[in-house]
Amino acid sequence: MREFFFLFMVIVAGTGGELCVTRAMKVIGEVHDFRPAALIRFVFRAMRVGWMWVGIGMMTVAFFSLLAMLSIENVSLVVPVTALSYAAGAAGALFFLHERISRQRWLGVLIVCVGVTLVWLSKR
Amino acid sequence: MKDSPGLHIKTFILILLMVLFAPLGNVLLSKGMKAIGSAKNWAPADVFAILVKILTSGYIWLGIACLLAFFVAYMLVLTWADYSYVQPASAFSYAVVAVLSYFLLGEVVPPLRWAGIAVICVGVFVVGHTPPRTTEKA
């Protein structure tokens, strides 16, 4: 039961956090300069966007839930199973970020979910 | 909108870094957490004791360093590529994590799990053949 709780937290908080970070990155815009000083300025600019902090908070919750899962199950099971976030991520990208998700992308996400199911079934 | 070859190359390089650092980080975290063990009950004192062990574990900090490297690459790529492209494209890390867990942690990976991971990679391949950006440039 606690495995399902931690898995739920990893997926929901992790996906929510990634969506918030993505929104923050879109506010900043595309990076063209990859020199160290420019990258440091980029990180400081990112830290001034509110969505970034919401995302970091949610990803922190997901991180400690992942640690709890890793103390219970093998990493070769835990990490692939967290791919369930793909379905949540695609839906979130559609509704929260207003990205256009093609049928091919949905098909890919569906195949990923089938793979996750097989990984879960390998759990003894 | 037509994307330049340069955009595809820098997308590929950053996703490659993500695919290497994330699994290595997770394997190091797993090694650290297996040494620490799970909480017997969820009493505050028990959770606090586990938290102290987590924060003083070298493997956990190494894992966090790898995940931070992953996160920087992830943030950079998201400034131009769609989230719904980057997230599935980075799923090759599931295959890498199974390989690393086998060689570095000695985990037994059953055939059905390898099959599941292979199916995940097929899903990644399907998603990878869609354009990196579907929204207009900001």
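Biologist: What makes A:V112, A:V116, B:A91, B:Y94 and B:I120 contacts of A:A83?

Modeller: In this predicted model, A:A83 is in contact with these five residues, leaving aside its neighbours within four places in sequence. Contact is called when two C-beta atoms lie within 7 Å, so A:V112 and the others, B:I120 among them, meet that cut-off with A:A83.

Biologist: Why is A:A83 called a member of a nonpolar core?

Modeller: Such a core joins buried residues of certain kinds, Ala and Val included, through C-beta atoms within 7 Å. A:A83 belongs to the largest nonpolar core, which has 74 residues, so A:A83 must count as buried, with 20 or more other C-beta atoms within 10 Å of its own. Along with A:V112, B:M18, B:V77 and B:I120, A:A83 touches the most other members. Helix α1 of chain B, residues 5-36, gives the most to this core: twelve residues.

Biologist: Which residues make up the contact between the chains, and which element of chain A gives the most?

Modeller: Chain A brings 45 residues and chain B brings 46. On the side of chain A that touches chain B, α6(A) gives the most, with 13 residues.

Biologist: What makes up that side of chain A by class?

Modeller: It has 28 nonpolar, eleven polar and six charged residues. Ala and Val count as nonpolar, while Lys and Arg count as charged.

Biologist: How do you know that chain A is built from helices?

Modeller: Chain A has six helices and zero strands. A helix here is a DSSP run of at least four residues, so each of the six meets that length.

Technical notes
Residues numbered from 1 in each chain as written. Chains lettered and ligands numbered in written order. Predicted model: local features only at pLDDT ≥ 70, side-chain atom pairs only at ≥ 80, totals over all residues. Buried ≥ 20, exposed ≤ 12 C-beta atoms within 10 Å, placed from the backbone. Helix = DSSP H or I, 4+ residues; strand = E, 2+ residues; numbered from the N terminus.
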